[in-house]
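Subject: Handover of a structure and the findings on it

Dear colleague,

Please find below the structure that I am handing over to you. My account of what was found in it follows directly after.

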4 protein chains.
Amino acid sequence: MLLNLNADLGESFGPWPMGDDPRLLEVVNSANVACGFHAGDPLVMSKTIAASRLAGVSIGAHPGFPDLQGFGRRAMSLPADELRTLVQYQLGALAGMSHSMGLPMTHVKPHGALNNMACEDRAMADVIALAVRDFDPGLIFLAPVMSQLAVAGTDARLTVALEIFADRAYTASGALVSRRQPGAVLETAEACIAHVQAMIEGGGIITVEGNVLPTAFHSICVHGDNAHAVDTARQIRKALLSQGHELLTLPQLMDVN
Amino acid sequence: MLLNLNADLGESFGPWPMGDDPRLLEVVNSANVACGFHAGDPLVMSKTIAASRLAGVSIGAHPGFPDLQGFGRRAMSLPADELRTLVQYQLGALAGMSHSMGLPMTHVKPHGALNNMACEDRAMADVIALAVRDFDPGLIFLAPVMSQLAVAGTDARLTVALEIFADRAYTASGALVSRRQPGAVLETAEACIAHVQAMIEGGGIITVEGNVLPTAFHSICVHGDNAHAVDTARQIRKALLSQGHELLTLPQLMDVN
Amino acid sequence: MLLNLNADLGESFGPWPMGDDPRLLEVVNSANVACGFHAGDPLVMSKTIAASRLAGVSIGAHPGFPDLQGFGRRAMSLPADELRTLVQYQLGALAGMSHSMGLPMTHVKPHGALNNMACEDRAMADVIALAVRDFDPGLIFLAPVMSQLAVAGTDARLTVALEIFADRAYTASGALVSRRQPGAVLETAEACIAHVQAMIEGGGIITVEGNVLPTAFHSICVHGDNAHAVDTARQIRKALLSQGHELLTLPQLMDVN
Amino acid sequence: MLLNLNADLGESFGPWPMGDDPRLLEVVNSANVACGFHAGDPLVMSKTIAASRLAGVSIGAHPGFPDLQGFGRRAMSLPADELRTLVQYQLGALAGMSHSMGLPMTHVKPHGALNNMACEDRAMADVIALAVRDFDPGLIFLAPVMSQLAVAGTDARLTVALEIFADRAYTASGALVSRRQPGAVLETAEACIAHVQAMIEGGGIITVEGNVLPTAFHSICVHGDNAHAVDTARQIRKALLSQGHELLTLPQLMDVN
């Protein structure tokens, strides 16, 4: 199977480092780059673009709410025109910088609370998808499987890359089990690998009850916040390759499909 | 003579309005649009782009220091790579939004302390000019006559549009007389019109001592912070047109030259 | 009847003025001063304290969400410890500055979405009330009549000053009619004066259906965002005085009660 | 000799940790707590106050320029009234929070570029010292030996605690050797201990040329940015105690002197 591994990168800010981007860039095929609203700053973005280019990793914008202190994870209620323009502003900032540096920005994935809220709120998902389409209809829209965000992207005639999470349990309706529930997050690399393998074999996501919800998917989201997470990501990559799957960047993958 | 009138627009922020942009857009040919670091926010930028397009006014980025409270007017000391990336981030943000809305961004003019410092500091001016060139070598670089910024733009092979100020007195070396000196700012529309006319006839800027420093110039900077300023700008426009000069947007003008 | 007029002041930020504070200080007895998170900055706060002292107006902290662009009006979802500390931080900032300048800070009134959300959410109201009590149990807690915020303040054994709005219609349950509904905001000074008078005579708030919900109240909230608002506030003051009511600062009033 | 060890704490922000505060609190007697402008946020401040109280460490405000991205290390040019109010705002924020939590704030030490600039600029130093005095004349003013900041504190009749740096070389005039010069920073714990011991025995600071500039001093500044720094700090503490010196909090120490 042709697959993609994506992760969030460039989440440092000013004097504060976050994540082990150099090691993560050896694992993933596509990087979601913070655009300065919830994390990242112009210098961090520039370094992340340069490192991604060297590593052969494709990049996308990772726009978030304007909330550094809350890392874009706090729900905010914004009118549609604020939402549309804050997405386009962040897309432009990253696209312009990456264009200056010779690496095209090829996808978009909303961050944190912006993503979570839009996965359940169709009106909000539409605002985001249309903002992306008006910015550049050629961008790949990276959205969770079975989310309103994915539906909105399809309706906006964007190329939608569907993602699954290697380390998260799914509810009966295909949503992520809340982090507050026990078992929401798979802790070991082995569990993550088994989870991903089951979803590949099942042709869809596996719910906590063990049912298969059939769905296409293209990309697997992994994490790099700490050494353990990078290690897990590395082992997932290794397992996928050893099982004969091919790992591609998002633009390579979505061209093929 | 073919000339351009430029002014700073889009300097509102969130709930706080600034300037009378609708009236100013009837006067100027080109707008320098704040990019969110010293003023402006994504929604304000979007509205400013839409209004400029309707008015037939060309737009440029007006990047500034990251200092909302100080309106980008407080000197800050930044390393070259911070400077380069903060300029490119802001260029990208405005270019992306304006591209989404069907109006190309065609020029750049640094704001406030970023502009003032670079007018005297060649190294800083080079960083800015090269940041602009790497972003898009086709952008017009709007810089004060006889400034290091103008020299750096020329050396970076950018198209440099030279600007004079209708309401500011010039020192013997062609710099602006400090606002702290008496007579630094011309208060009446009549004085501004006479000043501009003298510079057009003299073929250069007129110093406080009354000497001519010969220099080409393309654009006249006017202001719109208050009703009086917009009125003065309007009268300068009227005087120029009645004297037979032609007023063009920056891309129209610099194509001609 | 002994009453108080309160309004939000010090809502300028950096280069952006807001409101006509000098005129409003001639009208109100107590000022709710923005603390830098949704509006205001240290210099604005300092000037607002100085002007309030000269005018004989008592001051209180007006803490808000950390959201300048949204003016603290956008709902944000924060954990309790973030909420508690952001309130105490803002109380401390204003109390310290006002203490330095010889004017004690004597009350607290949450701002915008922080206020609105806490009026309906008892858990959130408790966090705020306890944060205030731990900061200084002698502070007067200014809260809307019939709100969870008022109940939480009372339970925290704070002195609660209850406020009504001169220009807002009330629902059958005593909440404010949403601004999106027609008739939510009373537009004329006459309507506001009649509304206030009816509430004084009725001994409670008057709902849109014309019913009286009996409740004590101590303070009337007026506005100063524009010339019309200040004018209305001035006429409300005049009407109250001519009807024989006495207008006091919050510490004067709550000592009496 | 009675001495104090001080370090900067509470420099995390939102999702980004910085420093190993728990281990550093076992070493120092007094903590300079970031106040939210260059680092720290309300929740971080609250946790730092709580941890300092448990550890028996006295706390002081560490006000900085409003520049999170630059960590307050970028020179900014501010008018006197902006400077005064930004210092008082930060003092108030920390004092209010620490008062709420039962630990008094007992000293002040400016941070980063604010400190460095004021060490050489008497006018700026005066603004800061007077801002502190007007806030609370009982606060201890922690300033580098032989600095304009120390002189300004004395002239403002503040109790001035003079500090030396364990790991920094001094010029012939008593300033810190610029970090850009080789040898500016002492790398090993042994070198730091020898440096401190020489200054204690010499009764003043030791310049790079090996001369003694006689001066009283009360506190030694150590660092905790990384594991190595905390280790060095711990060894300095051990060496001082084994040499028979006594280590006190700033309020204990300055009461004695």
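Chain C and chain B of this predicted model bury about 1,100 Å² between them, and 75% of that area lies on carbon and sulfur atoms. Three residues, P15(C), W16(C) and Q69(C), supply 57% of the area that chain C buries against chain B, which is more than any other three residues. In terms of contacts, 15 residues of chain C touch 15 residues of chain B. Zero salt bridges are found across the interface of chain C and chain B.

The relation between these two chains can be stated as a rotation: turning by 180 degrees, with 0.1 Å of shift along the axis, superposes chain C on chain B with an RMSD of 0.0 Å. Within chain C, the residue that comes closest to this rotation axis is W16(C), whose C-alpha is at 3.0 Å. The same surface serves both copies, as 100% of the contact residues of chain C recur in chain B. W16(C) thus appears twice in this account, once among the three residues named for their buried area and once as the residue closest to the axis.

The second interface to report is that of chain B with chain A. Here the buried area is about 1,800 Å², of which carbon and sulfur atoms give 63%. The contacts involve 22 residues of chain B and 22 residues of chain A. The count of salt bridges between chain B and chain A is zero.

Chain B is superposed on chain A by a rotation of 180 degrees with 0.0 Å of shift along its axis, at an RMSD of 0.0 Å. The two copies are therefore related as by a two-fold rotation axis. The C-alpha of chain B nearest that axis belongs to A93(B), at 2.1 Å from it. Because 100% of the interface residues of chain B are also interface residues in chain A, the copies meet through the same surface.

I turn now to the interior of chain A, beginning with strand β6. This strand covers residues 159–165 of chain A, and six of its seven residues are buried, so strand β6 is largely enclosed by the rest of the structure. Which strands pair with β6(A)? One partner is strand β5 (residues 140–144) of chain A, which runs parallel to β6(A) and is joined to it by five bridges. In this pairing, L142(A) stands opposite A161(A) of β6(A). Another partner is strand β9 (residues 219–221) of chain A, also parallel to β6(A) and joined to it by three bridges. There, F165(A) stands opposite C221(A) in β9(A). In addition, β5(A), helix α6 (residues 148–155) of chain A and β6(A) make up a right-handed β-α-β unit.

Helix α6 of chain A also has a part in the surroundings of helix α4 (residues 112–120) of chain A. The buried residues of helix α4 are G112(A), A113(A), L114(A), N115(A), A118(A) and C119(A). Among the elements that cover them are α3 (80–100), α5 (122–135), β5 and α6 of chain A.

Three single residues complete this report.

S52(A) is found in helix α2 (residues 42–55) of chain A. Is S52(A) buried or exposed? With a relative accessible area of 0%, S52(A) is buried. Apart from its neighbours within four places in sequence, S52(A) is in contact with L25(A), A31(A), V57(A), I59(A) and L103(A).

A50(C) lies in helix α2 (residues 42–55) of chain C. Its relative accessible area is 25%, and A50(C) is partly exposed. A50(C) and M101(C) are 51 residues apart in sequence, while their C-alpha atoms are 7.3 Å apart in space.

A216(B) belongs to the loop between β8 (212–214) and β9 (219–221) of chain B. At a relative accessibility of 49%, A216(B) counts as partly exposed, the cut-off for exposed being over 50%. Leaving aside neighbours within four places in sequence, A216(B) is in contact with V145(B) and L162(B). A216(B) and G203(B) are 13 residues apart in sequence and 6.8 Å apart in space, from C-alpha to C-alpha.

With kind regards

How values were computed: Residues are numbered from 1 along each chain as its sequence is written. Chains are lettered from A and ligands numbered from 1 in the order in which they are written. This is a predicted model: local features need pLDDT of at least 70, side-chain atom pairs count only at pLDDT 80 or more; totals for chains, interfaces and linings use all residues. Side-chain values use heavy atoms; hydrogens and water are left out. Buried means under 20% relative accessible area, exposed over 50%, partly exposed in between (1.4 Å probe, protein chains only). Helices (H or I, at least four residues) and strands (E, at least two) are DSSP runs, numbered from the N terminus. Two strands pair if DSSP finds at least two bridges between them. A crossover is right-handed if, with the strands pointing away from the viewer, the path from the first strand over the helix to the second runs clockwise. Copies are superposed by least squares on the C-alpha atoms of residues with pLDDT of at least 70 in both. Contact means heavy atoms within 4.5 Å. Buried area is the accessible area (1.4 Å probe) that two parts lose on being put together, summed over both. A salt bridge is a side-chain nitrogen of Lys or Arg within 4 Å of a carboxyl oxygen of Asp or Glu.
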